[in-house]
Structure formats: C-alpha cells, structure tokens
Amino acid sequence: MLSAEGVTKTYGGSRALDAVDFDVRGGEIHALVGENGAGKSTLIKILSGAVTPDSGVVRLGTTTIPAGDPAATRRLGVSCVHQELTLVPDLSIADNIFLGREQGRAWLQRRRMNAAVEVVMTDLGLRIPADIPVRALSVAQQQLVEIARALADDTGPGERSGKVLILDEPTAPLADPEIDRLFDILRRLRASGHAIIYISHRLDEIFRIADRITVLRDGRVQGTSTRDEITRAELIRRMVGRELSEEFPPRQARPGAVALEVERLSAPPRFRDVSLAVREGEIVGLAGLVGSGRTSVGLGITGALHTSGVLTFRGTRTAFRSPADALRKGLAYVTEDRKAHGIFPLMDASANITITSLKSFARAGWLSSSREWAGAEGAARDYGVRAGRLDRPAAALSGGNQQKLLLARYLLQPRSVIVLDEPTRGVDVGARAEIYRLVNRMTEQGLGVLLISSDLNEVLGMSDRVVVMRDGRTVGELTRDVATPERVMAMATGAAA
C-alpha cells in the first residue's frame, strides 16, 4: 500500500538514511524499530511527505507521494502521529481534531463537531467532553486525542477513511489497560484493511502487535522478518549490533536509613492519603494506571503542588516550598516530559548540565567559565552523555542522551533522594540499559530512588519494593520477591481483595 524505494537523506555531513527500501501492506501492522539516531524519525517524515529525500521515491499504491507536502499526503490517506505532541493547548479537543478542516462556513457547527468527536473519543476509551481545552488533559489523554485526529478524515472523526496510519511511540505515556484498548483499536483497523506503521522502543509491544518487523541501524535496513521468524535476542542484536543479555542489570539492594517518608500526603483532587517511604540505596517503584496520581505524587513530594500531610526528609519533618527548595535540600525531580519541562533545547549541553549548580562554579560572586566547563565535562563523562561536543544545543541530542543529561544535571551536586518520572520514555533499548546501570550506580552510592513508570516491566525489573496506586490513593506495597505483573495489576485495577 505504501512503499519507499532507495530513499537516501543526508543532513550536513551525516547520512540519516542510506538507500532504504521499506513497505507496508493493507491489513498489516509493520513495526519499525531501531536505536535513537537509527533514522526512524527521518524515514517517517519522508513517508508522510514532511521531508524531501535526496534520492529515492515514496509511493502510495501507484501514486508518488508529493515530497515536502504533508497536507497533500494526508489527503491521499497517509496520517502520522509523531512522538512529540502537536496539539494546541488552549484549543478544545474538538477544535484540535478538526483543526484545518472545521465544519461550517460563516459559523462553526460546534454541536456537530463535538458530537462527532465524542463518538470517536469514547471508542478510544476517553470519556471527556469534547469542548474542554487540551491543556487540562493528562499526557496520556492528549496522546489519545492525537490518535483520534490521525484517524479522522475531512468529513469528521467517525469516518476513518485514511489508508495508512503511522504511529511513533504511541504508548509512551500509556499504562497497560490503555495500551490494551489501543491495540484492540489497531487490530480493528488492520482487519478493515488499513496499513499501520508502528514505531516503539518497547519490544514486548512489538511482539504483541506487529505482523512484520523492520530494523534500522545507522540509516540502513538490517533486515525485515515476520514476528514468528525472529527472536527477541536477535532483534536486539540487529538494533544495537551487539548482545544485550540483561535488559535489567542485576542489583544487590543494601537499604539504609529512611531518607524520605510521606504519611497521608494529599493534594485533592489529584491524590489523597498517600503513604510511602524510600530508604538510602533503595529503588521504590510507584505503579498504577494512567490517572492514578503517580506523577502528581512526585510533584507533590517535591513542592510543585500544595499538599497536606506529613513529609519527613532525612529524619526531619519538613515541607518543600518549591522544587528549587527541594533541590537545595537534597531532593531532585526528573520530569516525565523532558522536552517541555526538562531540557532547555536552545542552550548548549554544557549549560543544561550546570544550570542548577552555578553557585558552585562562582568565585567572589562571579561565574568562572573554566570551572563551569570542567564541571560539565566531568558530569557528562560520569553519566555517559554522548553529545560529540558539549557546545551543541541540547535539542540536537538523542532522547537517551537528553535523559542522561538531566541525570548529570541533578546529580552534579550531592543529593539524598531522586524522583525519576518515566526515566526511559522514548529511549531506545541500548540507552535504556545504560540508564538502568546508572540508576543502580546511584543506589550503590547511597542515593534513594523513587521510580515512577507506566512500564510495568521496568518497575518490576528495577524496584526493590513496589507501591501501587489506584484512584489517587496508595492501595498496597509488594516486595521484589513477591511482586508480579498479575498482582500489581490486580491491585491497580481493584481486582485484588
């Protein structure tokens, strides 16, 4: 249905794609996998008409895709949901879905638009009025709005007449029930003859949903196989060019004294009566469905939300006035959305690392550039930030290196506890393993870690204890030796007695 033949693209002196052949058939889900920087994003931009290749051709059936014209490509039936959200925050759900193809001439037919949107959003499992602004939604809910917009055609969301749907990391902000619901939708679309290109770093998802799998590495195709023809180990080897025998490196937990404890912490309506503790040298996973309040708890602990209850940090009852106050006292928070709230994209990597520690590089009130640069170089080396040159903008780094940059920033100064919210979201399998090793190294040095993640395998693979949330409350705790996916999900959904 959609094919690329001999597609090559070069940026400066770097070849992003090298003579790539790729195709997706009607009634098929074709997974495209590879590490960050492998060329996946460039390829889907070319497939969707947003980028013009240096050579090669893209065809929808027998029709050549108009390069550099994504609107025309969409009208032909190719829709793309990119990894980074492209919604307009102050517009409503309906306005975002109908953006550029509004119904009505002199006046918008809002009732008709809202009704059409609510039908498709209900089908996606999002029962929220279509007239509320997008900024009021969680990241997971915004992702479903993006998918609804891609499924919509010019006559409204209910028609779904598009032929090809490209999904780039669609489940990154979703928990298991939302992923299951999305997969049900994708299977229905496949059964109706749609062609779906699916990009994800989560290999479990690839083997659940894909019919065929194509691997990119360094801009070249490393092979295409059906799901049954390739093992997980072989897929990883093709992606990274080496063996990765352990996705989750072994760890020896040696918990020390309680570093952080919250009792009956509340920030209504986001969460109520949350109680948990993190010890020195320990990883505590915070699990739960999307909307359970996990991220809000992280924000509440670090002073970004006004809370009630008792918070004890390093043996002293306290209340952080802000994340900056928490950081000064030794508690750091790494956001789930590094692009919007983590990195400063136009500042260089060096400045991104040192920005929270500038006083330590000052002499008599004046910032020492040489000391700052040396500090950034040391931190980048310690945390494996591969930026080429530290004077490159942070936006030019891969997702994995941006995440390691944030770790270097917040651990440049001594900390007692760090809250990691979705630390491997949008990070490739090789960089994930590096981040997991870094987290283990932190705990070996006595740091306490609160790990918030929608990836249940990640929570179970890394945590010494798992605290489960449901409907804004903590509902139970499991130690590493008894925590299983079934037990955690039973608690998260209320199925456990």
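This note goes through a predicted model point by point.

1. **Strand β1 and its two partners.** Start with strand β1, residues 2–11. β1 pairs with strand β4, residues 55–60, in the antiparallel sense. Five bridges hold that pairing on record. To find one of them, look at Ser3: its bridge partner in β4 is Arg59. β1 also pairs with strand β2, residues 14–24. This pairing is antiparallel too, and it runs over seven bridges. Here, look at Tyr11, which stands opposite Ser14 in β2. When you follow any regular strand, remember that side chains alternate between the two faces of the sheet.

2. **The largest nonpolar core.** This core has 49 residues. Which of them touch the most other members? They are Ile93, Ile97, Met121 and Leu186. Among helices and strands, look at helix α5, residues 139–151. Helix α5 gives the most to this core, with seven residues.

3. **Leu186 up close.** Set aside the neighbours of Leu186 within four places in sequence. Leu186 is then in contact with Ile29, Leu165, Leu167, Ile196 and Tyr198. Show these residues together with Leu186 when you view the core.

4. **A second core.** There is also a separate core of 35 residues. Its members include Ile283, Ala379, Val385 and Ala394.

5. **Salt bridge Arg212–Asp23.** The whole structure has 26 salt bridges. One joins the side chains of Arg212 and Asp23, at 2.7 Å from N to O. The two residues come from distant parts of the chain, 189 residues apart. Arg212 is in strand β9, residues 212–217, while Asp23 is in strand β2. Are the partners buried or exposed? Arg212 counts as buried, because its relative accessibility is 10% and the cut-off for buried is under 20%. Asp23 has a relative accessible area of 31%, so Asp23 is partly exposed.

6. **Salt bridge Arg135–Asp90.** The side chains of Arg135 and Asp90 also meet in a salt bridge, at 2.7 Å from N to O. This pair links distant parts of the chain too, 45 residues apart. Both ends sit in loops. Arg135 is in the loop between α4 (110–123) and α5. Asp90 is in the loop between β6 (78–81) and α3 (93–97). Arg135 has a relative accessibility of 51% and counts as exposed. Asp90 is exposed as well, at 57%. The cut-off for exposed is over 50%.

7. **Salt bridge Glu205–Arg202.** Glu205 forms a salt bridge with Arg202. Their closest N and O atoms are 3.4 Å apart. Glu205 counts as buried, because its relative accessibility is 4%. Arg202 counts as buried as well, at 12%.

8. **A salt-bridge network.** Some salt bridges share partners. Shared partners join Arg321, Asp325, Arg328 and Lys329 into one network.

9. **Ser225 and its surroundings.** Ser225 is found in strand β10, residues 220–226. Is Ser225 buried or exposed? Ser225 is buried, with a relative accessible area of 6%. What does its side chain meet in a polar contact? The partner is the side chain of Arg238, at 3.1 Å. Leave out residues up to four places away in sequence, and Ser225 touches Arg212, Ile213, Ile230 and Arg238. Arg212 has appeared before: its side chain meets Asp23 in the salt bridge of point 5.

10. **A cis peptide bond.** Most peptide bonds are trans. The bond that joins Pro268 and Pro269 is cis, with omega about 0 degrees. Pro269 is found in the loop between β11 (258–267) and β12 (271–279).

11. **Positive phi at Glu169.** Most residues other than glycine have a negative phi. Phi of Glu169 is positive, near 55 degrees. Glu169 lies in the loop between β7 (164–168) and α6 (176–191). Glu169 is buried, because its relative accessible area is 4%.

12. **Positive phi at Arg314.** Arg314 also has a positive phi, near 55 degrees. Look for Arg314 in the loop between β14 (308–313) and β15 (316–318).

Methods: Residues are numbered from 1 along each chain as its sequence is written. This is a predicted model: local features need pLDDT of at least 70, side-chain atom pairs count only at pLDDT 80 or more; totals for chains, interfaces and linings use all residues. Side-chain values use heavy atoms; hydrogens and water are left out. Two strands pair if DSSP finds at least two bridges between them. Helices (H or I, at least four residues) and strands (E, at least two) are DSSP runs, numbered from the N terminus. A nonpolar core is a set of buried Ala, Val, Leu, Ile, Met, Phe, Trp, Tyr and Cys residues joined through side-chain atoms within 4.5 Å. Buried means under 20% relative accessible area, exposed over 50%, partly exposed in between (1.4 Å probe, protein chains only). Contact means heavy atoms within 4.5 Å. A salt bridge is a side-chain nitrogen of Lys or Arg within 4 Å of a carboxyl oxygen of Asp or Glu. A polar contact is a pair of N or O atoms within 3.5 Å; within protein, one must be able to donate a hydrogen and the other to accept it, and residues adjacent in sequence count only if both atoms are side-chain atoms.
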